[in-house]
Amino acid sequence: RNLLDNPNLRLKSRDLSNLLEQSVDSYTTPRPKLYTTYVDDGMRIVRDEDDHVFIYGRVSESEEESDYKGVMADLGVGKLLE
């Protein structure tokens with residue numbers, strides 16, 4: 001988590017994709033297709049090209065950023081110990 005929270009670290013995925021496209025003949029950058037249906041102001045349904053469905057709902061009217069610096073990462077490790 002500390003590595004991911006480092007403000008000086010950035011994964012330049014576009015640069016990596018460009019390098020791969022130039023270096024590997026069989027590589028093309030993936031371009032996923034998403035289909036979005038807006039149900040109302042608080043909900044949208046997104047379907048990807050594999051027909052996986054994701055439903056997103058607004059849980060707050062606030063547009064202010066949340067600060068999670070004091071929150072420990074939950075990577076599901078606790079469930080492995082159950």
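Two strands count as paired here if DSSP finds at least two bridges between them. Strands (E, at least two residues) and helices (H or I, at least four) are DSSP runs, numbered from the N terminus. With that settled, let us walk through the sheet. This is a predicted model, in which local features need pLDDT of at least 70 and side-chain atom pairs count only at pLDDT 80 or more, while totals for chains, interfaces and linings use all residues. Residues are numbered from 1 along each chain as its sequence is written, and side-chain values use heavy atoms, with hydrogens and water left out.

**The sheet**

The open sheet is built from three strands in the order β1-β2-β3, with antiparallel pairing. Because β1 (34-40) and β3 (53-57) stand at the edges with a single partner strand each, one side of each is left without a neighbour in the sheet. From one strand to the next the twist averages 20°, where axes are lines fitted to C-alpha atoms and angles run from 0 to 180 degrees between N-to-C directions. As a reminder, strands of a sheet pair through backbone hydrogen bonds, either parallel or antiparallel.

How many bridges link β1 and β2? Six bridges hold this antiparallel pair, and the two strands form a hairpin with two residues between them. On the other side, β2 (residues 43-48) is joined to β3 by five bridges, again antiparallel. The hairpin of β2 and β3 has four residues between the strands, and there Asp51 takes a positive phi near 65°.

Here are some of the facing residues:

| Residue | Opposite residue | Strand of the opposite residue |
|---|---|---|
| Thr37 | Ile45 | β2 |
| Met43 | Gly57 | β3 |
| Val46 | Phe54 | β3 |

**Side chains**

What sits over the ring of Tyr56? The charged end of Arg44 does, 5.2 Å from the ring centre; the criterion asks for NZ of Lys or CZ of Arg within 6 Å of the ring centre and within 35 degrees of the ring normal.

**A serine in helix α2**

Ser17 belongs to helix α2 (residues 13-23). Is Ser17 buried or exposed? Its relative accessible area is 16%, so Ser17 is buried (buried means under 20%, exposed over 50%, partly exposed in between, with a 1.4 Å probe and protein chains only). Beyond its neighbours within four places in sequence, Ser17 is in contact (heavy atoms within 4.5 Å) with Tyr27 and Thr29.
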